[in-house]
Amino acid sequence: SWVLLGRHADTYFVAVDVSALDVPFEHLLPGCEFLELRTIVPLLSNATAAVLGHARAVLAWMERTRFCAACASPLLQALGGTKLRCTKQSCAHRDHFPRTQDPVALMAVSDPSRRRLLLGRSKGFPPRMYSCLAGFVEAGESLEEAVCREVREESGVVLDPASIRFHSSQPWPFPCSLMCGFMATACELSIDVDREEMEDVRWFDATEVQRACNGSPPDGLLLPPARLSISGQLIREWLKEAAGAERGTGAMAGKL
């Protein structure tokens, strides 16, 4: 499989799936090394990461989409690999396009005082790693509804729906997700962890989070890097807001 990614200046970029070849990878491009994209994203520019992410997502879609969903006939590439066409001439649904990315909601959840941040640890995380809670958006559900539902399911914490606000998004082609980041505030703080999904969920104060972001984490807390993960960006945005809230409290106390 291959796909035409586009043209920059006078250079055309094409992605080719060589995973099914019997030839050892090192023989395909002597002197080069094949690496998993996820491991090198922090080293790439935003433009390069976007191009490679697009390539990976489309090739993964093509690998999984080999037959027509309407009549089960084989599909063939068309338009430089940007769509697949059913080989049955009479098929009413001949053209197949890359699927829309699966939306995932991620939440930086603060307590009402903005002094504590809710972070969770999934069972597959590296040791001591905590991150924002997250989950797939279900059919017929808004992003904001998914934010409230996922937080309550995974942690038992209830959010104030009016506090939910969108922060940013990030494509995640592993294999095909769109990460949608939100900031939110809890109105009920007690935690009841869903042990089937999560290993642990805890409130962390701003000092603990700041130390972890500075590379000097206290025991039990490591955070995802902001360069790689939208979760890391949300955590650092929460720190800025927490610092602003603390300064505002201090200024008010001074006036009083």
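Strands here are DSSP runs of E, at least two residues long, numbered from the N terminus. By that rule Phe 136 lies in strand 8. The model shown is predicted.

**View 1. Phe 136 sits in strand 8****.**
Start with the residues around this side of the strand. Leaving aside neighbours within four places in sequence, Phe 136 is in contact with Asp 102, Pro 103 and Val 104. Its other contacts are Glu 141, Arg 149, Glu 150 and Ser 177. Leu 178 is 42 residues from Phe 136 along the chain. Their C-alpha atoms are separated by 9.6 Å.

**View 2. Glu 141 lies in the loop between strand 8 and helix 4 (143-155)****.**
Is Glu 141 buried or exposed? Glu 141 has a relative accessible area of 19%. Buried means under 20%, so Glu 141 counts as buried. Its side chain is joined to that of Arg 149 by a polar contact of 2.7 Å. Beyond four places in sequence, Glu 141 is in contact with Phe 136, Ala 146 and Arg 149. Phe 136 is thus shown again here, as a contact of Glu 141.

**View 3. Asp 17 is found in the loop between strand 2 (11-16) and helix 1 (25-28)****.**
Asp 17 has a relative accessible area of 26%. Partly exposed covers the range between 20% and 50%, so Asp 17 falls in that class. The Asp 17 side chain makes a polar contact with the side chain of Ser 19, at 2.7 Å. Which residues does Asp 17 touch, not counting those up to four places away in sequence? They are Ser 1 and Leu 59. Arg 128 is 111 residues from Asp 17 in sequence. In space the two are 36 Å apart, C-alpha to C-alpha.

**View 4. The largest pocket holds about 920 Å³ of space****.**
Its lining has 26 residues. Closest to the centre are Val 16, Val 18, Phe 34, Leu 35 and Leu 59. Strand 2, helix 1, helix 2 (37-40) and helix 3 (46-64) each give two or more residues to the lining. Which element gives the most? Helix 3 does, with seven residues. By class, the lining has 20 nonpolar, one polar and five charged residues. Leu 59, one of the residues closest to the centre, is also touched by Asp 17.

**View 5. The second largest pocket has a volume of about 720 Å³****.**
It is lined by 27 residues. Phe 125, Ser 131, Trp 172, Met 179 and Ser 229 are the closest to its centre. Several elements give two or more residues to this lining, among them strand 6 (102-110), strand 7 (116-122) and strand 8 (133-136). Strand 10 (165-172), strand 11 (177-188) and helix 6 (230-255) do so too. The largest share comes from strand 8, with four residues. By class, there are 16 nonpolar, nine polar and two charged residues in the lining.

**View 6. The largest nonpolar core has 27 residues****.**
Those with the most contacts inside the core are Leu 117, Leu 119, Val 209, Leu 221, Leu 223, Ile 235 and Trp 238. At least two residues each come from helix 2, strand 6, strand 7, strand 11, helix 5 (206-213) and helix 6. Helix 6 supplies the largest share, six residues. Take Val 209 as a guide to the contacts. Leaving aside neighbours within four places in sequence, Val 209 is in contact with Leu 117, Phe 204, Leu 221 and Leu 223. Val 209 is also in contact with Ile 235, Trp 238 and Leu 239. Another core, of 20 residues, lies apart from this one. Its members include Leu 133, Ala 146, Val 151 and Cys 180.

**View 7. Asp 205 marks the start of helix 5, and Gly 215 follows the helix****.**
At the start, a side-chain oxygen of Asp 205 reaches to within 3.1 Å of the backbone nitrogen of Thr 207. After the helix, Gly 215 has a positive phi, near 90°.

**View 8. The whole chain has six helices and twelve strands****.**
Its C-alpha atoms fill a box of roughly 75 × 45 × 35 Å along the principal axes. Of the 256 residues, 38% count as buried. Among contacts between residues at least 6 apart in sequence, 58% join residues at least 24 apart.

How values were computed
Residues numbered from 1 in each chain as written. Predicted model: local features only at pLDDT ≥ 70, side-chain atom pairs only at ≥ 80, totals over all residues. Heavy atoms only, no water. Buried < 20%, exposed > 50% of the residue type's maximum accessible area, 1.4 Å probe, protein only. Contact = heavy atoms within 4.5 Å. Polar contact = N/O pair within 3.5 Å; in protein donor to acceptor, adjacent residues only side chain to side chain. 1 Å grid on protein atoms, 1.4 Å probe; cavity = no way out; pocket = protein on both sides within 12 Å on 5 of 7 lines; lining within 4 Å. Points joined across faces, edges and corners; volume = space filled by probe spheres on them. Nonpolar A, V, L, I, M, F, W, Y, C, P; charged D, E, K, R; others polar. Core = buried A, V, L, I, M, F, W, Y, C linked by side-chain atoms within 4.5 Å.
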